[in-house]
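The following questions and answers examine the fold of one protein chain. Each answer is to be read alongside the sequence and the structure shown here.

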Amino acid sequence: MSIKIVELSHIYDQNTPNETRAIDRINLDIDSGQFIGLIGHTGSGKSTLIQHLNGLLKPSEGDVVVSGYNITEGLRTEIPKKRRDRKADAKARKKRLIEVRKRVGLVFQYPEYQLFEETIEKDIAFGPTNLGLGETEVKRRVIEAMALVGIDYEEYKDRSPFELSGGQKRRVAIAGVLAMKPEVLILDEPTAGLDPRGRDEILGQIKRLHDKEGITVIIVSHSMEDMAKISERLIVMNQGKIVLDGSPKEVFRNIDMLEEIGLAVPQISYLIRALNARGFEIDADILTVQEAFEQLSLKLQRKKKSGDLC
C-alpha cells in the first residue's frame, strides 16, 4: 500500500481576491508500513495535504496515486468534454474513491465530536455496516477494533459513548475508523486537548497498533517530543511546501532552520546543546529524556571508575 504525490497543489478561493495557495507543487512518496509524523506551524498546509490522500479535497494541480489508483484522474477540466464523457468520468472516479476510502482512514481533530449513536458498539459498527457487510462480520470488526484501542467489548459495548472520559471517547472514535480495516491510518492532532495521561494512552495505542498490524500511520502534530519518540520519518511543511524530510534525528539536527520557520526541537535537544557547550560531549542526536538519562548515567559511571569524579 503506497501513496505517490506528484506536483500537487491546492488553491483555496481560486480566481478571487482571497486566493490562497495552501499547498504548492508537492512531490512525495510514502511506502507501506511507515510511521510518519507530519509537522509544521498553523497554516503550513498539513491538514490540506492529508485531505487529498483519500479524496476529500480536489487538487488544483497534480495527482495523488494510492495503491495504484489515481484518485485525482478526471478532476481537472482543461479539455472540454461531452456530457456523456463527463458522466463516465464521474462514475469511474466515484468507484475509485470508494476503494481508496476503504483503504485510507482519516481521523479528524477532536473526532469524539463525531460520535452520535446511543451505544459504543453501534457507533463503531456504523462504518462497516455502510460497507454492506453482514451482521456477523460487522460484530467481528467491532470487537477487533475495540481490542486494538484497548477497550473491552463486553464491558463497554452497551454503554453510551458520551459517558466516557475524553481519552476514551477519542479511542472509540478511532476504533470506528479501524473497523473499516484501513491500510493507511491518518490522524490530525490525535492528542489535541487531552491531559498528559490521555495523550500518552492515545499515542501508545497508535504505536502498538502500527507495530501489531503493520499499517501505514501518518500523524499530524505540533508536539516535537511526541513525534521524536514514536515516528520513524518526519515531514516538515512550511508555506505549503515540504522543507525537510527524513528520520527524526536527521530532521532535528536542523535547529536553526526549524526555528526560522516557527518550530522548535524537543526540549531535551536544547539541554544537550547547552551541556555540550560546557564540555559534556553528549550525542547531539539524542531526542528523548530516557536516552539522555542512559547516556549521562554511563558517562558518570565511567568518570567514577576513572577517578575523574569526586
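**Fold and packing of the chain**

Buried residues account for 47% of the 310 residues in the chain, and the model discussed here is a predicted one.

Q: How many helices and strands does the secondary structure of the chain come to?
A: The C-alpha atoms fill a box of roughly 85 × 50 × 35 Å along the principal axes. Among contacts between residues at least 6 apart in sequence, 61% join residues at least 24 apart. The secondary structure within this chain comes to 12 helices and 10 strands.

Q: What share of the exposed area do carbon and sulfur atoms supply?
A: The area that the chain exposes is about 16500 Å². The contribution of carbon and sulfur atoms to this area is 49%.

Q: How far apart do the centres of the positive and negative side chains lie?
A: The two sets consist of 47 positive and 48 negative side chains. The separation between their centres is 4 Å.

Q: Which strands stand at the edges of the open sheet of six strands?
A: The order of this sheet is E6-E7-E8-E3-E9-E10, and its pairing is mixed. An edge strand has a single partner strand, so one side of it is left without a neighbour in the sheet. The strands in that position are E6 (104-107) and E10 (241-246).

Q: What does the twist of the six-stranded sheet average from one strand to the next?
A: The sheet is open and has mixed pairing. From one strand to the next, its twist averages 15°.

Q: Which residue in E9 stands opposite glycine 37?
A: Strand E3 (residues 35-39) and strand E9 (residues 233-238) run parallel and are joined by four bridges. The residue of E9 opposite glycine 37 is leucine 234.

Q: What angle does the direction of helix H7 make with that of E8?
A: Two helices that pack on the sheet may be taken in turn. Helix H6 (residues 166-178) touches E6 and strand E7 (184-188), and its direction makes about 160° with that of E6. Helix H7 (residues 196-213) touches E3, E7 and strand E8 (216-221). The angle between the directions of H7 and E8 is about 155°.

Q: Which residue in E8 is the bridge partner of phenylalanine 35?
A: E3 also pairs with E8, in the parallel sense and over five bridges. The partner of phenylalanine 35 in E8 is valine 217.

Q: Are the faces of E3 covered or uncovered?
A: Five of the five residues of E3 are buried. On one side these are Phe35, Gly37 and Ile39, and on the other Ile36 and Leu38. Both faces of E3 are therefore covered.

Q: Which strands stand at the edges of the open sheet of four strands?
A: This sheet has antiparallel pairing and the order E2-E1-E4-E5. Each edge strand has a single partner strand, so one of its sides is left without a neighbour in the sheet. These edge strands are E2 (20-30) and E5 (69-70).

Q: Which residue in E4 stands opposite serine 9?
A: Strand E1 (residues 3-12) pairs with strand E4 (residues 61-66) in the antiparallel sense, over five bridges. The residue of E4 opposite serine 9 is glutamate 61.

Q: What is the phi of glutamate 7?
A: Glutamate 7 is found in strand E1 and is partly exposed, with a relative accessible area of 38%. Most residues other than glycine have a negative phi. Glutamate 7 is not a glycine, yet its phi is positive, at about 50°.

Q: Where does tyrosine 110 lie?
A: Tyrosine 110 is a residue other than glycine with a positive phi, near 55°. Its relative accessible area is 29%, so tyrosine 110 counts as partly exposed. The position of tyrosine 110 is in the loop between E6 and H3.

Q: Which helices do the buried residues of H3 pack against?
A: In helix H3 (residues 120-130), the buried residues are Ile120, Glu121, Asp123, Ile124, Ala125, Gly127 and Pro128. They pack against helix H4 (135-148), helix H5 (153-156) and H6.

Q: What distance separates the C-alpha atoms of lysine 95 and glycine 132?
A: Lysine 95 is found in helix H2 (residues 83-103) and counts as exposed, since its relative accessibility of 62% is over 50%. Glycine 132 comes just after H3 and takes a positive phi of about 85°. The two residues are 37 residues apart along the chain, and their C-alpha atoms are separated by 15 Å.

Terms used. Residues numbered from 1 in each chain as written. Predicted model: local features only at pLDDT ≥ 70, side-chain atom pairs only at ≥ 80, totals over all residues. Heavy atoms only, no water. Pairing = 2+ DSSP bridges. Axes fitted to C-alpha atoms, helices over the stretch in contact; angles between N-to-C directions. Contact = heavy atoms within 4.5 Å. Buried < 20%, exposed > 50% of the residue type's maximum accessible area, 1.4 Å probe, protein only. Areas by Shrake-Rupley, 256 points an atom, 1.4 Å probe, with all protein chains shown as cover. Lys, Arg positive; Asp, Glu negative; His and termini not counted. Charge placed at Lys NZ, Arg CZ, Asp CG, Glu CD.
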